[in-house]
Amino acid sequence: MRVRVRAHLKDEIERGLFDPDSTTWASFDPDFARRFAKAGFLGVTWPEQFGGQALSFLERYVILEELLAHRAPVGAFWIGERQSGLQILRFAQDAVKQALLPRIVAGEISFGIGMSEPNSGSDLASVQTRAVKDNDIWTLNGAKVWTTNADKVDYLLVLARTGDAGQSRHEGLTQFVVDMRTPGISVSPIPDMSGDSEFCEVVFDSVAVPAEMILGVPGEGWSIVTAELAFERSGPERFLSAYGLLQNYLGVAASDRSESNVKNLGEIVGDLLVLRQMSLGVAGMLEAGQNPNVQAALVKDLGNAFEQRIPELTRTALDRFDETEHMAAFQDHLDQTILSAPSWSIRGGTREITRGIIAAGLELR
């Protein structure tokens, strides 16, 4: 699998179909998605009846690593293939599965995550977006924020309150598959300091959602949405976001074997290997049908800290090395990483939230 994926991506780069020096894993390229799907690399773990190949999560993991290492523009399919499709596969009605899953595998439709809100952030139990049912229609009102590529995607999986929160605050939550073409939805991109506008605010004003677009049972969405977060938090994107910078640093540092440089490289490579092994362990648990929420939170927390430390360790190269053929690319990647890195410990749940999950899972609170 790795050889096939690597050859496909190398061919794409050589043909100029994407530029790895100007893309990230959030870059939204529907054409790349369709080509990658046609090559047979999307939804590989899903049943054949929905266009999948019934392969293992570990085989899929290899695909993800190669995509991230080549800095491919995966934003048009990443969320749908990583988590939304799996939620639909597990919890949606059969008609919804038949309508949507083959189109995800074909790279034809894209998804976003409608969880965080302006006044709740990573505290999902405090969401204020509400849905009220009347006959076969749920009417959705509220807002979501930090919604990646919401101005481009076709569907959102939206977490809304449909009943009383109860003492635990986890009751009365429901997840919906919402078509972004539905009247009453407005999207406002949010520019960040890196110059990108991938994050968006989404407002729902009396949006009609058919009853069949619900996931699971109304009011029991907490267990469904927390299972989804295990898919979101445990993958190699949680420690390979700065891989482009690391690759360029290796090129620049090849001529310098000073003690400090060797120490930096050893620290980075050692941490990377440990994080990869942890992430592979979560993939194995998913393959076994387990729900590794705590383990996924550990990967995310440690992975984000690792990613944000890479620019701190590597930027000393600017003062120590003369101009080389690698320096310009290194400078560009360093600049982009410094501007993007603050968001890495926020997306998928803030550091405080993930550490709370870890503490609860270890019975430390």
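**Entry 1. Second largest pocket**

I began with the second largest pocket, which has 29 lining residues; Trp146, Thr148, Glu232, Arg347 and Gly348 are the ones nearest its centre. I note at the outset that the model is predicted. For the volume of this second largest pocket I recorded about 480 Å³. I then asked which helices and strands each supply at least two residues of its lining. They are helix 4 (78–91), strand 1 (111–114) and helix 6 (221–233). Sorted by class, the lining of the second largest pocket comprises 13 nonpolar, 10 polar and 6 charged residues.

**Entry 2. Strand 1**

Since strand 1 contributes to that lining, I looked up its residues next. From strand 1, Phe111 and Ile113 point one way, while Gly112 and Gly114 point the other way. I found all of these to be buried. The pattern agrees with a general rule: side chains in a regular strand alternate between the two faces of the sheet.

I also asked in which sense strand 1 and strand 4 pair. Strand 1 pairs with strand 4 (residues 155–161) in the parallel sense, over 4 bridges. Within strand 4, I located Leu156 opposite Gly112.

**Entry 3. Strands 2, 3 and 7**

I moved on to strand 2 (residues 130–134), which pairs with strand 3 (residues 137–144) in the antiparallel sense through 5 bridges. For Ala131 I noted Leu140 of strand 3 as the bridge partner. The hairpin that strand 2 and strand 3 form has 2 residues between the strands. In this hairpin, Asn135 takes a positive phi near 60 degrees.

Strand 3 also runs antiparallel to strand 7 (residues 199–210), and I recorded 7 bridges joining them. Here the bridge partner of Ala143 is Val203 in strand 7.

**Entry 4. Largest pocket**

How much space lies in the largest pocket? I recorded about 760 Å³. Its lining counts 39 residues, and those nearest the centre are Thr24, Asp196, Glu198, Gln336 and Ser340. Helix 7 (243–253) and helix 11 (327–340) each give at least two residues to the lining of the largest pocket. Helix 11 has the largest share, with 6 residues. By class I noted 17 nonpolar, 14 polar and 8 charged residues in the lining of the largest pocket.

**Entry 5. Aromatic pairs**

I searched the whole structure for aromatic pairs and obtained 8. I examined Phe36 and Phe41, whose ring centres are 5.0 Å apart with planes at 45 degrees, so I entered the pair as tilted. Phe36 and Phe41 are buried.

Phe36 forms another aromatic pair with Phe77, and I entered this one as stacked: the distance is 5.7 Å centre to centre, with 10 degrees between the planes. Planes under 30 degrees apart count as stacked. I then asked where Phe36 and Phe77 lie. Phe36 belongs to helix 2 (residues 30–38) and Phe77 to the loop between helix 3 (57–69) and helix 4, so the pair ties together parts that are 41 residues apart in sequence. Phe77 is buried, as is Phe36.

Finally, I asked which residues form one aromatic cluster with Phe36. Phe18, Phe32, Phe41 and Phe77 join Phe36 in that cluster.

Key. Residues are numbered from 1 along each chain as its sequence is written. This is a predicted model: local features need pLDDT of at least 70, side-chain atom pairs count only at pLDDT 80 or more; totals for chains, interfaces and linings use all residues. Side-chain values use heavy atoms; hydrogens and water are left out. Two strands pair if DSSP finds at least two bridges between them. On a 1 Å grid over the protein atoms alone, a cavity is a set of points where a 1.4 Å probe fits but cannot get out, and a pocket is an open set with protein on both sides within 12 Å along at least five of seven lines; lining residues have an atom within 4 Å of a point. Grid points are joined across faces, edges and corners, and a volume is the space filled by probe spheres set on the points. Ala, Val, Leu, Ile, Met, Phe, Trp, Tyr, Cys and Pro count as nonpolar, Asp, Glu, Lys and Arg as charged, and the others, Gly among them, as polar. Rings of Phe, Tyr and Trp (its six-membered ring) pair if their centres lie within 6.5 Å; planes under 30 degrees apart count as stacked, over 60 as edge-to-face and the rest as tilted. Buried means under 20% relative accessible area, exposed over 50%, partly exposed in between (1.4 Å probe, protein chains only).
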